[in-house]
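Please look over the sequence and the structure shown below before reading on. The report that follows takes up the helices, the contacts between them, and a few residues in the loops.

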Amino acid sequence: MTHRFKFGDFEFDPETGLLSRNGQEVKLQRQPALVLGVLLARRDQTVSREDLKQAIWGNDTHVDFEKGLNFCMGQVRAALRDDAFRPVYIRTEPKCGYRFIAPVISIAPVVLNPPGKPVESGNVVRSFQAALIRRPILALAAIILALVSVALLLRTMAPSIPNLAVVRFDADTSAPSAGSLAEELTDDVTIRLASGSNGHYRVIGNAGILRVPRERRDLRTIGSSLRCKYAVLGQVRIDGDRVLVLAHLIRLSDLTHIRVVRFERKASDPANLESQIAAEIASQFAATMNNRPDSASLFRAETH
């Protein structure tokens, strides 16, 4: 038996992957929705990263699991407006995994298993995947046609669209929370920049060279290897109850700073601190990239 789950202002249907807030749909991609479904099915338990990998990808899919899972967790937290520092819904258990901690109500049960059989995370994933397979063929054909059209359009526009690399943000303090925030910011900024490109630039955020430690990082090599004209990188510092994030948009041909965003807040600020910072960085840099900067005169520093 599978249920829809209600928690806080949200409701989630694991069979369709639909997440809503106060009756309004909240966009969530397929794999992040699967992750949320597993955490809800095993609420009040710590779900290891390995268990999540097996439930979502299994053994036959060859992807960068660490990057993929970080991406999924970043999207789920952004959709729920949750904060890794002061979680309301999902708490990170260091070196263990994740735990869904908010009260959950199961509603509108649908019998998919024999009566009395408990809902398991694997069943949630399989029922969601089965629902995707049962979608009407005409809708699937329309999606394929749309994707082909987009691919042809991108191929036509390719010569004039620059690549933008998002380099892993660095933690400038030894505090474990700084490293976690840096990783989540990297993923969230990547997602938001990609969604805000409006076809003016392409985002590269999953290449191994972008994860090289700062002391071995070479921006010119990143530019030549990935054929990128621009890069985003940043630093995260946590000093007591203060969080400082400094993000840079750099033109790689001459290592010129095109834009800098400085964000300083108290860690005790509202629970969506990480998403606020990521949204501000992505908004500033997307606006600059959409205007196609051509000179260092566009350099500008923002403080919040």
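## Helix α8 and its surroundings

How many of the 18 residues of α8 are buried, and what does that say about how the helix sits in the rest of the structure? In this predicted model, 13 of the 18 residues of α8 are buried, so the helix is largely enclosed by the rest of the structure. Helix α8 runs over residues 273-290, and the distance from its first C-alpha to its last is 26 Å, close to the 26 Å expected at 1.5 Å a residue.

Two residues of this helix can be described in more detail. S275 is found in helix α8, and with a relative accessibility of 9% S275 counts as buried; leaving aside residues up to four places away in sequence, S275 touches D188 and R192. T288 also has its place in helix α8, and T288 counts as buried at a relative accessibility of 7%.

## The polar contact between T288 and R259

The side chain of T288 is joined to the side chain of R259 by a polar contact of 2.5 Å. R259 is found in strand β14, which spans residues 256-266, so that this contact links α8 with β14 through the side chains of T288 and R259. R259 is itself buried, with a relative accessible area of 11%, and the cut-off for that term is under 20%.

R259 can also be placed relative to V232, from which R259 is 27 residues apart in sequence, while the C-alpha atoms of R259 and V232 are 9.6 Å apart in space.

## The loop before α8 and its link to R81

N272 lies in the loop between β14 and α8, and N272 is partly exposed, with a relative accessible area of 23%. When residues up to four places away in sequence are not counted, N272 touches R81 and D83. N272 and R81 are 191 residues apart in sequence, yet their C-alpha atoms are 5.5 Å apart in space.

R81 belongs to the loop between α3 (65-80) and β6 (90-93). The phi of R81 is near 55 degrees, which is a positive value in a residue other than glycine. Most residues other than glycine have a negative phi. K95, in the loop between β6 and β7 (97-100), likewise has a positive phi, in this case near 65 degrees, and K95 counts as exposed at a relative accessibility of 89%.

## Helix α2, its buried face and its packing on α3

Helix α2 covers residues 49-56, and its buried residues are L52, K53 and I56. Seen down the axis of α2, these buried residues fall within an arc of 100 degrees, so they line one face of the helix. After α2 comes G58, whose phi is positive, near 70 degrees.

Helices α2 and α3 pack with their axes 11 Å apart and at an angle of about 90 degrees; α2 and α3 are therefore roughly perpendicular to each other, a term that covers angles of 65 to 115 degrees. On the α2 side the residues that meet α3 are R49, L52 and K53, and on the α3 side they are F65, E66, L69 and N70. L52 and K53 thus appear both among the buried residues of α2 and in the contact with α3.

## Helix α1 against α3

Helix α1 (residues 30-41) also packs on α3, and the axes of α1 and α3 come within 9 Å and cross at roughly 75 degrees. That crossing makes α1 roughly perpendicular to α3. From α1 the contact is made by Q31, P32, V35, L36 and L39, and from α3 by L69, C72, M73, Q75, V76 and L80. L69 of α3 takes part in the contact with α1 and also in the contact with α2.

## The chain as a whole

The elements described above belong to a chain that has eight helices and 15 strands. Of the 304 residues of the chain, 44% count as buried. Among the contacts in the chain with a separation of 6 or more, 64% are accounted for by residues 24 or more positions apart; within the chain, N272 and R81 provide one example of residues that touch while being 191 residues apart in sequence.

Terms used: Residues are numbered from 1 along each chain as its sequence is written. This is a predicted model: local features need pLDDT of at least 70, side-chain atom pairs count only at pLDDT 80 or more; totals for chains, interfaces and linings use all residues. Side-chain values use heavy atoms; hydrogens and water are left out. Helices (H or I, at least four residues) and strands (E, at least two) are DSSP runs, numbered from the N terminus. The expected span of a helix is 1.5 Å times one less than its number of residues. Buried means under 20% relative accessible area, exposed over 50%, partly exposed in between (1.4 Å probe, protein chains only). A polar contact is a pair of N or O atoms within 3.5 Å; within protein, one must be able to donate a hydrogen and the other to accept it, and residues adjacent in sequence count only if both atoms are side-chain atoms. The arc is that of the directions from the helix axis to the C-beta atoms. Axes are lines fitted to C-alpha atoms, for helices over the stretch in contact, and angles run from 0 to 180 degrees between N-to-C directions. Angles under 35 degrees count as roughly parallel, over 145 as roughly antiparallel, 65 to 115 as roughly perpendicular and the rest as oblique. Contact means heavy atoms within 4.5 Å.
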